[in-house]
Amino acid sequence: QVQLVESGGGLVQPGGSLRLSCALSGSVFSILAMGWYRRAPGKQRELVARIARAGDTTYVDSVKGRFTISRDNAKNSVYLQMNSLKPEDAAVYYCKMDLQRRNDYGVEDYWGQGTQVTVSS
């Protein structure tokens with residue numbers, strides 16, 4: 001069974017840092033793009049950062065220069081280093097992987113369970 005397991009959320013003061021991790025549990029044929037999304041109370045879910053298999057990255061404007069997404073293909077994992085955190089970064093963060101479970105399957109979206117990030121003094 002394929003699952004994404006997240007870790008690394010928590011409470012941090014404004015200006016602080018957190019590193020989120022997301023690891024795939026189970027066996028798949030291929031992982032294409034990986035990404036991090038977030039949903040704050042009363043807001044829609046938004047894409048925070050995305051990394052293609054080759055390493056190309058995209059970020060939402062509000063986190064550019066502060067957040068860094070990376071991946072370890074050997075470990076089937078994706079990370080989000082968050083620096084200079086602001087109160088408006090507080091949200092539940094979800095990882096997502098676009099993957100093929102088998103070579104004759106199409107691409108499917110898999111989501112992590114979510115991890116809470118709270119930014120408060």
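This is a short dialogue on reading a few features of a predicted model.

Me: Which strands form the open sheet, and in what order?

Reply: Read a sheet strand by strand, across its width. Here 4 strands form an open sheet, ordered β1-β3-β8-β7. Their pairing is antiparallel.

Me: Which strands stand at the edges?

Reply: Look for strands with a single partner. β1 (3-7) and β7 (67-72) stand at the edges. Each has a single partner strand, so one side of each has no neighbour in the sheet.

Me: What does the twist average from one strand to the next?

Reply: The average is 15°.

Me: How many bridges pair β7 with β8?

Reply: Count along the two strands. β7 and β8 (residues 77-82) pair over 6 bridges, in the antiparallel sense. Take I69 as an example: its bridge partner in β8 is L80.

Me: Now a single residue. Is S30 buried or exposed?

Reply: Compare its accessibility with the cut-off. Buried means under 20% relative accessible area. S30 has 14% relative accessibility, so S30 counts as buried. S30 is found in strand β4 (residues 30-39).

Me: Which residues is S30 in contact with, leaving aside neighbours within four places in sequence?

Reply: Look for residues further along the chain. S30 is in contact with D98, L99 and Q100.

Me: Where does the charged end of R19 sit?

Reply: Find the ring, then its centre. The charged end of R19 sits over the ring of Y79, 4.2 Å from the centre of that ring. Try R45 next: R45 lies over the face of Y37, at 5.7 Å from the ring centre.

Me: And how many aromatic pairs does the structure hold?

Reply: The structure holds 1 aromatic pair.

How values were computed
Residues numbered from 1 in each chain as written. Predicted model: local features only at pLDDT ≥ 70, side-chain atom pairs only at ≥ 80, totals over all residues. Heavy atoms only, no water. Pairing = 2+ DSSP bridges. Axes fitted to C-alpha atoms, helices over the stretch in contact; angles between N-to-C directions. Buried < 20%, exposed > 50% of the residue type's maximum accessible area, 1.4 Å probe, protein only. Contact = heavy atoms within 4.5 Å. Phe/Tyr/Trp six-rings, centres within 6.5 Å; stacked < 30°, edge-to-face > 60°. Lys NZ or Arg CZ within 6 Å of the ring centre and 35° of its normal.
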